[in-house]
Amino acid sequence: VNKKIIVAVDGPAGAGKSTISKKIAEVLKLEYIDTGAMYRALTLKVINKGINPNDVKSILEIMEDTTIEFINNHVYLDGIKVDEEIRKNIVTNHVSEISKIAEVRKKMVDMQRKLSESNNVIMDGRDIGTVVLPHANYKFFITASVEERARRRYKELLEKGEKDITYDQILIEIKKRDEIDSTREIAPLKKSPDAHLIDTTNKTIDECVNEIIEIIERG
Ligand code: CDP
Ligand code: CDP
């Protein structure tokens, strides 16, 4: 009987976590779970309902009847596919405020642990190796310089046609999100001592994927 494989991936925005995790999921036949997409989906709902991101009570109320699902690698919020909408800059710029709320995190962590029970999984986020799946068989902390991460995000936004934005703005926004995510009281972004550090600044996606697969296959 093969033992269950659980891979935890953490790191800051634009480091390459989701791109790399998806490829590893394909090669090793794991289920990929994007926890950032879950926080983004809730943030989208908060924005669409016109709720102030500081209004914790209202956020917890709407969370009660919110469903977030992954079906065939697409994200569904209350039954509606929201892959594109959750990547919009307005969501990106509010997600960290909502993600630092203790009760929000508690519910998300419960959902994420349940999602990891049935399959072999690779899960990415900020607190996967430290809080959500501390017993993961393999942990990786994927990072890159903040300038490189901002360049990557800027390029993506230009490709999506979001033209009213500059590289400098993206750099400021990423730094702000890094700061909120790594200094919050609950489950801050930090490298688990037992995680392998992968710096993607000067590496291609394939180089990163191969480096990680080698570590996993070495056992
Ligand atoms: O894709 P990107 O790196 O920009 O961010 P993401 O992984 O989609 O995560 C969006 C935001 O959700 C992060 O900046 C965190 O504020 C929050 N998040 C979190 O708090 N914990 C997680 N496990 C995943 C995301
Ligand atoms: O999930 P996370 O926010 O950590 O990053 P991502 O969305 O997977 O990657 C951000 C961008 O960096 C994507 O456009 C990737 O194609 C790119 N990337 C890269 O150019 N070189 C790498 N070694 C890793 C990612």
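**Reading the labels in a predicted model**

Student: Why is Glu148 counted as buried?

Tutor: Glu148 has a relative accessibility of 15%, and buried means under 20%, so Glu148 counts as buried. Bear in mind that this is a predicted model.

Student: Where is Glu148 found, and what makes its approach to Arg151 a polar contact?

Tutor: Glu148 is found in helix α7, residues 146-160. Its side chain and that of Arg151 come to 3.1 Å. The cut-off for a pair of N or O atoms is within 3.5 Å, so the pair of side chains is listed as a polar contact.

Student: Let's turn to a loop. How do you know that Leu189 is buried?

Tutor: The same kind of reasoning works here. Leu189 has a relative accessible area of 11%, and the limit for buried is under 20%, so Leu189 is buried. Leu189 lies in the loop between α8 (167-183) and β8 (196-199).

Student: Which residues does Leu189 touch, leaving out those up to four places away in sequence?

Tutor: Leu189 touches Gly11, Pro12, Arg126, Phe141, Asp181 and Ser182. In addition, the C-alpha atoms of Leu189 and Asp127 are separated by 6.0 Å, although these residues are 62 apart along the chain.

Student: Now the helices. Why is α2 called roughly perpendicular to α4?

Tutor: Helix α2 (residues 35-48) and helix α4 (residues 89-99) pack at about 105°, and their axes are 9 Å apart. Angles of 65 to 115 degrees count as roughly perpendicular, so that is the description given to α2 and α4.

Student: Which residues make that contact, and how do they divide?

Tutor: From α2 come Tyr39, Arg40, Leu42, Thr43, Leu44, Val46 and Ile47, and from α4 come Ile90, Val91, Thr92, His94, Val95, Ile98 and Ser99. They divide into nine nonpolar, four polar and one charged. Arg40 is in the α2 group, and Arg counts as charged.

Student: What makes β2 and β8 the edge strands?

Tutor: Five strands form an open sheet in the order β2-β6-β1-β7-β8, with parallel pairing. Strands β2 (31-34) and β8 each pair on one side only, and they are the edge strands. The twist averages 20° from one strand to the next.

Student: How do you know that β2 and β6 pair?

Tutor: Pairing takes at least two bridges. Between β2 and β6 (residues 121-125) there are four bridges, in the parallel sense, so the two strands count as paired. Tyr32 stands opposite Ile122 in β6.

Technical notes: Residues numbered from 1 in each chain as written. Chains lettered and ligands numbered in written order. Predicted model: local features only at pLDDT ≥ 70, side-chain atom pairs only at ≥ 80, totals over all residues. Heavy atoms only, no water. Buried < 20%, exposed > 50% of the residue type's maximum accessible area, 1.4 Å probe, protein only. Contact = heavy atoms within 4.5 Å. Axes fitted to C-alpha atoms, helices over the stretch in contact; angles between N-to-C directions. Polar contact = N/O pair within 3.5 Å; in protein donor to acceptor, adjacent residues only side chain to side chain. Parallel < 35°, antiparallel > 145°, perpendicular 65-115°, else oblique.
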